[in-house]
Amino acid sequence: ATADVTIYGKVHTSIDFVDPDSGDSIYDVTSRASRLGFKGSEDLGDGLKLIWKMETTYNTAEGGFGSGRNTYIGLAGGWGTFLYGKHDTPMKMSTGKLDIFGDEMGDYNATAGLVDIRANDAIAYVSPNFSGLTLVGAVVPDADYDGDGDFGGAYSVAAMYSNGGLFLAGAYEQLDDLVGGADANHWRIGAGFDMGAFHIGAVYADQGDLTSSDNYVINGSWKFGNNKLKAEWAQVDPDNGSKSDAWAIGLDHNFSKRTKMYVQYADSEHGLQSTNPSGEQSGVSFGMVHKF
Amino acid sequence: ATADVTIYGKVHTSIDFVDPDSGDSIYDVTSRASRLGFKGSEDLGDGLKLIWKMETTYNTAEGGFGSGRNTYIGLAGGWGTFLYGKHDTPMKMSTGKLDIFGDEMGDYNATAGLVDIRANDAIAYVSPNFSGLTLVGAVVPDADYDGDGDFGGAYSVAAMYSNGGLFLAGAYEQLDDLVGGADANHWRIGAGFDMGAFHIGAVYADQGDLTSSDNYVINGSWKFGNNKLKAEWAQVDPDNGSKSDAWAIGLDHNFSKRTKMYVQYADSEHGLQSTNPSGEQSGVSFGMVHKF
Amino acid sequence: ATADVTIYGKVHTSIDFVDPDSGDSIYDVTSRASRLGFKGSEDLGDGLKLIWKMETTYNTAEGGFGSGRNTYIGLAGGWGTFLYGKHDTPMKMSTGKLDIFGDEMGDYNATAGLVDIRANDAIAYVSPNFSGLTLVGAVVPDADYDGDGDFGGAYSVAAMYSNGGLFLAGAYEQLDDLVGGADANHWRIGAGFDMGAFHIGAVYADQGDLTSSDNYVINGSWKFGNNKLKAEWAQVDPDNGSKSDAWAIGLDHNFSKRTKMYVQYADSEHGLQSTNPSGEQSGVSFGMVHKF
């Protein structure tokens, strides 16, 4: 019981002021991927370890648990990690650390339109770290035996390489039987470089049949004292349609390793949030983030 | 992780026997605002403290998590507390301690028809205690940027004063763009007095445009040994319509500081529960309450 | 707070390969009654103990909390245990330990069509153990005062006897006002016997007006080293209709007291899962189970 369980999570709530191209300015309180998780492990001997996790979205602006996040059972050893359940696909994992505005108003899923999937019913393998290289693969069944309504299958593979200040990532993903019956192939590459207080990174994605677009993001940051200045430029270039740009600039203040406060400005020709208002808009977001 | 998180909550379940004015007597098991919460804080130095909470209703009669309760992130210091998320409005906070049947069959929200709101997306400030005086203010945005469906804005202010056995409270609240588009203004005053084993309290509310009513409640209690005898009279006086009364009497037995058992009788001309049956009714409620 | 709360649960996820009599073979990841629970107790003195539990289904294949499991508050003493809330009925409790494929593909609820109910709003009493004999009774109100939508009443009684390797159980249950307005009476008997590494058990149920069937299951197991071989045969014999059989065979490997891995094969003329696909089918299930 309790001794075997670690409780962890994150509270990330922002107050957003948004000025749409048409219509009045508005403001709102937003929960940004806040979560509560339970996890544990057991040493099974012979270098084998049982791992499990139950992680759930928690709406810190309106209260209440939401949909599940990474949730699985698996085995880990010198040969790598095998797990199954709900998990980020290898493509989502591949460039995640290059999303320096992750879950914030300037999140690259919003600014660059990158499609990231946390797949139900996933079966995944993560390799050990080979001198900086990690390989990940996952497959998702396309049947719905347990009646959860998830029919769409997928497979996704990724490679990540880390060495000194350099980070490189590449991923390929195929999604079958999505809503509407369409299949989709997309691939993505990313690179990052750290040099002292400076970081710079970029991601390019070809989101084949899914959104039929090329997607670009370039971002960088500079640490000074307990603060970090961040900037990002992104572009969505649809196969049919015209390019649209977005950019963001932000200042983080770290109270501690676990707690930060930030303010950022973002401007996007294709919107910053999937909901009201849509279309061209700019916004200022003030947020607090606490990990526990 | 775990060391930083406090788990707390309350199990409050009753067995209710209800005799409606028309129709058969019934009985049922009822979860009364049972809850499970997670909270924590971090000392940020310079007298500043990060605070957070995720508190969720748990149905202890039928199982399962329900809607969120007070859930927020904020900062606390000598200057008071700033927090945002989901929270009781200052008006709800103002006279809460005068609801001596709180969450029970004789709850003043049922007997006196007092409207208490736990607001989504609230931004609130609580002052330090100035020689017994505490001021609270909150504002709720009227936009829905994050797509949660909460459009109605509000602001609410309250003052509470505690000194010796005396307690005084006053609050004003304005609700905009409620369902149906109506606005509402209401204000509320309350007073309580403790003298030895005796307590007496009263609340008066003018629920302007919301229910268009004046609402009254007077209650008192007497402690003897580990027991408490409680009684309450309440009245709803609508602007258009006739007055209706309700009263309740109850006996609490405290097994410990954390656990009590009670039995109470309530009678109301305007019903005790928003669901079946409605209308004039009386009831007996046997309950157990355990805080953890 | 925390010190008073025990967190516990189970992760049980399987990968199922199913071959229906008609249609293509499929595979899927399935959460099998995975759960997260919080519980506690308080010594009230005089041999009296307050007990409480909040246990919730957690979908370890798709993430997120589901419906509640056993959730209650109650008192326990030398005279037995009184509790109320959501709980397995005495009939479900009576033969539960004879379901050696419990929650797995070969679960007797699937293979033998046994109807087990976890009742909302239940009020239950569990006797002390009298030289191996335990009596359990529960009643469920048939009214819906708290508006949860549970109108159906029930009562259920059971007796269980354990002595040496012998286990005997009998139960009777009456369900009123089910969906469609029908009442149902059913009764059930079960027996089990342990001898060294061998176990054998059987359950017979007469599910009177509910499914109008006689239901049979016989199963057995053999432990060797850290492994257990299990086999089961079951039959559903409807009053109107033809008999159908099911059987299952499985191998469990226990990594530890808390963790096992299994593979099993099941074949049923009446389906193994209430959802897609239905009808005659066979399946192979690979699963991992971890208790914490």
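Mentor: Start with one term. Buried means under 20% relative accessible area, exposed means over 50%, and partly exposed lies in between, with a 1.4 Å probe and protein chains only. By that scale C:Arg118 is partly exposed, with a relative accessible area of 24%.

Trainee: What should I know about the model before reading on?

Mentor: This is a predicted model: local features need pLDDT of at least 70, side-chain atom pairs count only at pLDDT 80 or more, and totals for chains, interfaces and linings use all residues. Residues are numbered from 1 along each chain as its sequence is written, chains are lettered from A and ligands numbered from 1 in the order in which they are written, and side-chain values use heavy atoms, leaving out hydrogens and water.

Trainee: What is the mean pLDDT of chain A?

Mentor: pLDDT is the predictor's confidence in each residue, from 0 to 100. Chain A has a mean of 92, and 91% of its residues reach 70 or more.

Trainee: Which strands pair with strand 6 of chain A?

Mentor: Strands (E, at least two residues) are DSSP runs, numbered from the N terminus. Two strands pair if DSSP finds at least two bridges between them. Strand 5 (residues 65–77) of chain A pairs with strand 6 of chain A in the antiparallel sense, over seven bridges. A hairpin connects these two strands through two residues. A:Thr71 sits opposite A:Lys86 of strand 6. Strand 7 (residues 118–126) of chain A also pairs with strand 6 of chain A, antiparallel, over seven bridges. There, A:Thr81 has A:Val126 as its bridge partner.

Trainee: Why is strand 6 of chain A called largely enclosed?

Mentor: Eight of its nine residues (80–88) are buried, so the rest of the structure largely encloses this strand.

Trainee: How many salt bridges are there over all chains?

Mentor: Side chains of opposite charge can pair when their charged atoms come close. A salt bridge is a side-chain nitrogen of Lys or Arg within 4 Å of a carboxyl oxygen of Asp or Glu. The whole structure holds 33 over all chains. In one of them, the side chains of C:Asp88 and C:Arg118 meet at 3.0 Å, N to O. C:Asp88 is in strand 6 (residues 80–88) of chain C and C:Arg118 in strand 7 (residues 118–126) of chain C, so the pair ties together parts 30 residues apart in sequence. C:Asp88 is buried, at 15% relative accessible area.

Trainee: Is A:Asp16 buried or exposed?

Mentor: A:Asp16 is buried, with a relative accessible area of 0%. Its side chain forms a salt bridge with that of A:Arg32 (3.0 Å, N to O). A:Arg32 also counts as buried, at 8%.

Trainee: Where does C:Lys230 lie?

Mentor: C:Lys230 lies in strand 14 (residues 227–238) of chain C. C:Lys230 is buried, at 1% relative accessible area. Contact means heavy atoms within 4.5 Å. Leaving aside neighbours within four places in sequence, C:Lys230 has contacts including C:Phe101, C:Glu104 and C:Asp252. Its side chain also reaches the backbone oxygen of C:Ile100 at 3.1 Å. In chain A, a network of salt bridges links A:Glu104, A:Lys230, A:Asp252 and A:Lys260.

Trainee: How are chains A and C related?

Mentor: Copies are superposed by least squares on the C-alpha atoms of residues with pLDDT of at least 70 in both. A turn of 120° and a shift of 0.0 Å along the axis lay chain A on chain C with an RMSD of 0.0 Å. The two copies are thus related as by a three-fold rotation axis. A:Phe65 is the residue of chain A that comes closest to the rotation axis, at 4.5 Å (C-alpha).

Key:
Helix = DSSP H or I, 4+ residues; strand = E, 2+ residues; numbered from the N terminus. Polar contact = N/O pair within 3.5 Å; in protein donor to acceptor, adjacent residues only side chain to side chain.
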